[in-house]
Each structure stands twice: as C-alpha cells, then as structure tokens.
Amino acid sequence: MKKKKLGVILASVLAAGTLLSACSSKDSGTSEQSGKSGEAYEIKWYTIGTPQKDTEKVFTEVNKYTKEKINATVKMTQIDWGDWVQKSQVMINSGESFDIIFTNGTSYVQNAQKGAFMEIDDLLEKEGKELKEVINPDLLEGNKVDGKLYGIPANKEVVRQDVYTFNKRLVDKYKFDLTKVKTLQDLEPMLKTIKENESGVTPIATFKAPVRFDYVFNNEMPFAFPFEGETDKVINPFESDTAMEQFKTMHEYYKAGYLKEDAATSKDSWPMDVENWFVRMGGSQPYADLLWSRSAKYEVVSVPAEEPTIINDSVSGSIQAISATSKNPEKAMEFLALLNTDPYLRNLVDKGIEGTHYKKNDDGTIEDLPARIDGYNMPSYSLGNHFILDLYKEDPKDKWEKFQEFNASAVKAPSLGFKFNSDPVRSELASITNISKEFYPALATGSVDPEEYLPKFNKKLEEAGVDKVLKEIQKQFDEWKSSQK
Amino acid sequence: MKRILNDLNKNRVWLLMVLPGTIWLLLFSYLPMFGQVLAFKKFRIDPDGFFASVINSEWVGLDNFKYLFSTNDAWIITRNTIFYNLIFIVLGLITAVATAVLLSELINKRLSKIYQTSILFPHFISWVIGSYFVFTFLSTEHGLLNLILGWFHVDPISWYNESKYWPFILVFMSIWKGVGYGSIVYLASIVGIDRTYYEAAMIDGASKWKQIKHVTLPMLKPLMIILTIMNIGRIFNSDFGLFYQVPRDSGSLYGVTNVIDTFVYRGLMNLGDIGMSTAAGLYQSAVGFILVIITNYIVRKVDEDSALF
Amino acid sequence: MPKLEQTQSSLAIPKSAEGIKGGEAHIPTKRYRDPQHLHPAANAIISVLLGILAFTCVFPFLYVIVISFTSEESIVRNGFELIPKEWSMDAYRYLWSMKEALLRSYGVTILITILGTIISVFMITFYAYAISRPQFKYRRFFTFLAFFTMLFSGGLVPTYIVVTQFLDLKNTIWALILPLAMNAFYIIIMRTFFLKSVSESILESARIDGASEWRIFFQIIFPLSLPGIATVALFSTLGYWNDWFAALLYIDDPNLVPLQALLMKIEANLEFMRQNMDVAIMQTSLFDTIPQESAKMAMVVIATLPIAVSYPFFQKYFISGLTIGGVKE
C-alpha cells in the first residue's frame, strides 16, 4: 500500500525529469534552425593535441574569414594527447552533438561501422568538389569502409616507410658504413662497438623488431597478409620464420645489453634532444632527417629499413570525420573543403596569425616567433592538407614535390582498402588482444627468449581461436576482393 | 488520495530534508540506470542522440553475456576479483586488529600518537600519487629495489613486466593503504571497552597476553564480524585505482591485475564496446546485489542496529 | 555478552567521544610494572615493530621528496638514490616556470574541494538524519533508494549524458562538484551515526518546548553530531582533492583542470607518445610538455603536501567520528 503511493511520487518526479530533458533537447532544435537561416552556423570541431593559450585569438581571425566565405564560425576544442582515446570514445558513444572530429586507424573504422560518422560521398561531391580533386585518390580509396567514405583524410604522405635512424656524430666517429645496412642483423657490429666504447649511450633507443607483413589490425595482432608470395592469403605472422629470426636477433641484442632492461614496458619516449642513443627506428617522410636534426640540435642520418608501401594504417593516420550528430553537415563539409584548399585558412589554423605567431620573409618562407611555441603550437599532421602549408625558412624548396614523388614511388599493400568487420569473432578477438598485449612487447623488444616464448604465444593464440578469426578474415577478404573487380 | 496528502504533509519536514539528496540520486544514479538495457542490445549510434541510439539499437538478447562468458576473461576477472578481495579481507582484518591491539598497549602515549598519525597517512593519498610512490621503488632503470639488487650484484628485474610478483605487490599496497584506517577503527573500539573487565581479569591474575585473548579480542568480535561480513558483501567490487594505476596499465600484467572494474573500463574506453562492458557491469551489480542481500540478512541476525535496511 | 557490550558502548558515546583527546587512546595511567602495563622489554619490541610499520607508511613520501631534490643527471646515472650525490632545485625551478598553470590548478582543486565538501555534507546529513528518524514514515523507502545505488550504477556513458546534455555542465566547475556530491555509503554511515548517538529523549524535550524540526537539527543535532559530520566532511574532502576522473570526462578547458588530473595528464601524454612514436617524433612540441623525473616527483610533492600537513589536525574528529559510525569503508 505504502509502496504504491511512493511509486506515484517516484513516477511523477521521473516524469518531471523527462520533461526537463525534453526542454533541453528543444533548445538545441532551435539553434539548428537559426543555423540554416541567414545567421552564421557555429561548427563544433574536436581535434587532438594539447590545448593552446592563443586558440581563441587565432579563431577570432578564422571566424572573420569563414563567416565571409561560408557563413559559418568555428569553435575548435583540443583534447590532450593522452586523454584523446578515452574522451573521444565517451563523447562519440554518448551521441553528443558536434560537427567535426579527428580520428584515425582502427577507431575510425570501428566508429564508422557503429554509425558514429556520416557517410560523406555525396557531400563531398556536392560541397567539396575542389577538395576531391586535391586529395590523393589512394587516400580516398584506402579509407572506404564497406565501400563508403566517412571522413576527410589529411593530404600528406600516404606511404609508410620505416627507417633506421643513426646518431651521425657516432657514425662519423667510428666510420661506420651505413650503405651496408639493410636488415636488423646488419646492425650488430656497430652496436657492439658502441656498447664497448660509449658508456653513456644506449645502443638501441627501444624499438620493436620489424616483422614485415601487411597487418590487418596492427603489428601486435596475429593477422597479416604477406607482401610476397601468396598475398591473398591471411596468415598468423608469428608462425613465420621471419618472426622467429627477427625476435631471436632482438633477443641477442637484449642479452648483449644493447637495449635498456625495461624495454618492453618502459614509458621512456627517447626524446630526440637527449643524445643518449645510437640507433632508433621510426616512420619516415622526405627530409625527415632534416626535421629530426633540427629538433635534436645535432645531426641524425637515416637508412631505409623497407620499401615505401601504402598500407591501411598509413592512409588512415589522420582523418577529420563529420559526426552523425552534426546539425549541419553541409556547413561542416564546406569548412573542411575550405580548410584543405585555401592556403590562407590552412596556414592560419596551423601556424597562427602572421606577425604575432610567425613572420613571413620576402621569399615567401616563414619563421616561427616565440609566441607560436608559447601560445599556438599546433600539430600539423592532424589538421589537414600539407601541400598548401607555407614552407619554413630552413625547409628545402622542393619539400612538397618530394612528398608527391614519395607517394608515387610506393607499392600498394595487398589489403589496402579492406576493412575487416570484427563483430562475428569479437569474443575471440578480445582474448587475442589480451594475449598479444602480454607477449608481443616482450618478444619484439627481445626481452624474452623466442625459442621458449614464441611457441607459447602461438599455442595460447590457438587456444583463443586464432584460426577461426583467420578464416573469417579470409572470407570477408575474398568477398571484398571480388567486389573490387 | 486525501490520506496520501495528509501523510505527505505530516512528513513534510523530513521529505524536505531528503529532497536535495533524492533529486541527486534520481539524476545521477537512477536516470543513468536506463543505460543498463544496453547489455541486451547491439549498440549503434543514432544521429538523434544517445536515447535514440539506445531505443533504436537492435535487441540481441543475451548475446553480450554469451560473448563475455565465452572469453577467458570472464573467468580471469572473476577469479582475480574474488581472490584478491578475500586476501584483502583476511589480511586486512589481521593486520588492523593486531596493530590496534599493539597501539593500545604501548606505554608511551605520545609515541602511540605519532605512530597512529604515520600509519594513517597512506589513507589520505590517491592512487594517482600512490602509483608514483610505487614507481620510485619498481622503476627498472632508477627504482630503489633494483638499486638494492645491484648492491648484491643481482640482475635488475623488470617489475612492470613480470606478473609473478604482482599478487604480492598488490596485496602489500592494499594493506599499506588500509591498515591505518582499519586499525584506528578497532583502536577506537578498544578504547571504548569498559576498564572494569580488565580489572576483573587482573584480579584473577591474568597476564597481559591472557587479557588480550580473553577480554580485548572477544570485545572486538562483534565489530570484526560486522565489518568482515560487510566486506564480503562487496567482494565483487574492487579498488579501481589499485588495479589500474598502480600497475601502470601494463599489458603484460593483465593476467594478474585485471579485475571486473578495470575490465569494464577498458572494454568501454579502449575497445569502445559499450554492450559488452555494460553486460560485465551488470553481471557485477547482480552478483553484488545478491551477496549484499544475504550479507544484510546475516548482519541483521548479529546486530540489528548495523543492518543496512 | 557481545550484544551487551555493543549497547553499552553506544550509550557511552558522548563521553567516550570526549575521552579521546587528540586521537590518543586514553587508558587511565597507573603506576608502571603492574599487570595492566606491558613488560618494558615487550614494550620496546612493540615500539620497534610499530615503528617499522609507521616508517613504511610515510617513507615513500619522504623518498619522493628526496628524489624531487635530486639533479636529473644524477637520476639518469645513479637512479633514485636515498641520498643523492647531487642535489638540485631544478625541479622546483621548473615548476616555478609553469606557476600560472599550477596555481590555477591548485585554485581549482581548492575551490571544488571546499564547495563540494560543504554541499555534500549538507545533502548527506539532511538525508541521513531524516532516514534515521522513526517519525519519518517513508524512511525505509528512502534508505533503500540510497542503498540501491551502491550496487547498481548507471554506467559511464549514461552518467556522462546526464551531466553534459541534461544539466549542461561540461566545462563548468559544477561538473567537478555535483557528480561526486553524494555517496550512498556516507549516507549509510551517517544514518548509523545518528541512530546510535541521537537519543529520542533529547529531541522530545525540545519538541515539547515548541522547537521546529529545523531548529532542533541546527541547534541540537548539528553540534552533537560534529564528530560524525567531520568524518563525512573529511571523506568528501579527500574525494574531491584526489579526483581526476571527472576532469578527464567533463573538462576541455585547460583553465579548469585540477591538480590530480594534471598529474594524470602528464602520465597519459607519455603513454600516448610511447604508443605513437611516429607522431611523437614528427611532433616535437609533444616532447616539450613532458617534465623530467625529478619534476614529476616535485609535482607529486606539492599535490600531497597540503593533505599531509593538514590531516593530523582533523585526525581527532575523524577518529571519534569513526568510533561512533562504527563502519569501515
């Protein structure tokens, strides 16, 4: 009896709550209409990077320009590097209303499949004609999920090429011949010399032993297509001889003390400007050595570790997607088109205000002023088209041409454009992810003996259903392949 | 109807007092519970916001649960959660009571106070800070433990990589943080014990040890029982910071550090799998709920005043 | 017998609450060497044992302080030494160079801690007091309403939606305060406290004098319950001071980031770099944001210091509050 009465109260309070929510959603409805009629629409844009002090100042300028050009203003919010994954995940899942969001890699694919992003093929056709012409077609093709495009990739290098980068001072000192370096194994004599003679230097600035395959997810997960031979058949790369060989070499290096002891788990990021390393590994681009030497304040020199290749990962490194919750996707697309084609806007968003954050020289090159480092230090790679960015005074004049050449020189990976839908095997994938997280870092940094641990790893993978996943990948891949023709 | 209004009017004052809290509970606790239905759905984002997404997502029945329990993870996280909590309860009880008894017996009261203040310190820091503390000891490069190992020419250990040490580290840290608080709860109770019991014991010629055994501990028994039972009721919940921040989210330790709470968190944040992580959360709540109902029933038998409802 | 003891101690509450002075276990002192006291040797052993325990509890903090004063080179070369070969103030100089951001974070933390504690103490004590009164007809329902939330939570995403979309609190100080303002567990503690420490007879006489329930609450209950209230206040102070998660979810504005969240951010950014070396190498600005080891430790020191110096003063309220609340966390 008593309970019943309380039920009534509770119900009425809940009803009040719903009413409240209804009111608030009505509010957003009105703002939508004002956006379409005359008044400038405010585009909400979330992107990655440490929030900057002068963002507001710069965007006052941006808004003056966009208001005139496309009758819209932009509210850009940066989310710090380390918070990005978690925060964007919650924002997207909660269906928060915003227009544009930075995304990349697997999270782009997952969220596109989940319906978080808008299909933009039509929009691009309508509002972004000129944009479509500018962007490298490999980027647009490579980022299609189930045949549809869900975001605008940043037009830059589309190629992945890992290089070994050396500390040039040490290379010169011991007169190493870098032209002989082709493989991980070739490093051995140099590492030995360094270890014996340079006490303050760690020979290897921790990197993972390269096992060259075309990975479906990332190089931690045991699903990949070979670059040579049967390129249409997905396999577990950790069962290959290459993996064993590379991990073994790495383990020898580890035992010889060429790597730090905690290589597998250390959070050490090996900043360039600390000269305590001899060789490192990383993705390259034209004139990367110049860039690195500049930030390191001493010279570095690189040698390719592989051929330049276009893989799924390298085309999806930086994408701006339009949210499915956008109130005005046309405006969002207009803005993205403008940002990627208009040099003034692109440079303004990237470098800040001329005269405040940077100065322009007579020959058209630019130089950062202290205010840029201090108040508007933006990550270029995440923001958009690189080829319309002003060059720095120190940049080679043909930098962007070299980028284009670099892009043209690459080979395409077998699975470029194939996006796996993991729903049918998600329980297997969940446990495989955990197993890989457990074994891969230790193996790839040589921290454990592959003779013992690699078979263990593979056995665990088998128990977790790696074969079932491989089968599913193969099935979807074959379907995709036949639809391509 | 009139009676209802009359009743409400009579309880006006009390209702006003609970009003702010009730509004809070409805907004922050009950309204979000709506999201639990996601455990039975395949989540797809709808452009009209979250509620539309929840409503329009396809029902998949128990698929998310099937998925959860078909992985090894379900077993591992359940095992870890229960195993650690059991150890925490047992060792926590022993260390807290022992420390409390020792503190109460100390002759120098000034010293006793200094000790109390010191052991209470860890209770006041967050696990964010705590993880830095642990790092100063376990850092492979710079940490104190490896420095000490170095003195004895033992090879450094990669602590954040070796799962075999972590059960001990986690138990140690849990006790480290909890012993101060626990012992002070018991100490407060010891202080409240009527002195005449001790005097009577002394007249019987009981030694100090006998006094502890026959007076102090029996007097603490009800409190020990209540607290322990309540902890058992919460055995399915674990201290998120201890299992997430202290091991620095290190992948190679997941086997021994993954508990239900961290699993739910990672499922949502890293995999974006809202259905499965909701299912795991619901599993935790449901089992926890049953445990608490049982616990409360037992508590009520032991001491009605301490029962929760 | 235990039952008897329980009621005894609950009756004796106001007395024993006073009896605990300065957190000290107050045992009537008599002459030494009677059976009530320990043998000096036993006492010595216990003193040492407890001394080790006490030292273990505070040592990490002292160690972190030492590290924060170690020169970075010395750390790289020799690790975290107990007595560093090279002392240095560099870490604190570094913090001084970012004093604006730090001070702002400090300010945010202090503001949310004070405001939040006040709000939550009022909400919790009102609620707990009401459900502890036998005159309140619906007390069982409201007790259950609170209790139920200890077990079933709505989950992260729905809560996020309530805060950001219904209440529109994103990037406001309230997003850091309101989600933590109530806690069913504290309500239950306070309810137990009121049940045990407030006897109906005092209230009856006040009611006969014609005092309203509100007056009774503020003039009689509140002062009488100070130890319990202090305990809950301390709990929520700690909760606010140590929270970082609300900031992760609800705050984009760098001006509203509390201290602990700032510390978390540093670690999170490091982790990001480690996993995205390619981005990190191209984006040299990323490295600039990462402080060195000693500077991180210095931040730990300044985030812990206010708590470390202030809790001993609250300790006595805390302890007497616990005595009566009689519930463990």
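**Figure 1. Residues 106-129 and 141-161 of chain C in the predicted model.** The span 106-129 of chain C is 100% helix and 0% strand, helices (H or I, at least four residues) and strands (E, at least two) being DSSP runs numbered from the N terminus. Its end C-alpha atoms are separated by 34 Å. Residues 141-161 of chain C are 67% helix and 0% strand, with 27 Å between the end C-alpha atoms. UniProt (unreviewed entry) lists both spans under "transmembrane region"; such annotations may be inferred rather than shown by experiment, and positions follow the numbering used here, with feature names shortened. This is a predicted model, in which local features need pLDDT of at least 70 and side-chain atom pairs count only at pLDDT 80 or more, while totals for chains, interfaces and linings use all residues. Residues are numbered from 1 along each chain as its sequence is written, chains are lettered from A and ligands numbered from 1 in the order written, and side-chain values use heavy atoms, without hydrogens and water.

**Figure 2. Two annotated spans of chain B.** Residues 165-193 and 214-236 of chain B are among those that the unreviewed UniProt entry names "transmembrane region". The former is 90% helix and 0% strand, its end C-alpha atoms 41 Å apart; the latter is 87% helix and 0% strand, with 34 Å between its ends' C-alpha atoms.

**Figure 3. The largest nonpolar core.** A nonpolar core is a set of buried Ala, Val, Leu, Ile, Met, Phe, Trp, Tyr and Cys residues joined through side-chain atoms within 4.5 Å, buried meaning under 20% relative accessible area (1.4 Å probe, protein chains only). Among its 254 residues, A:W45 and C:Y127 touch the most other members. Helix α9 (residues 166-191) of chain B contributes the most, 15 residues.

Definitions and conventions: Buried < 20%, exposed > 50% of the residue type's maximum accessible area, 1.4 Å probe, protein only.
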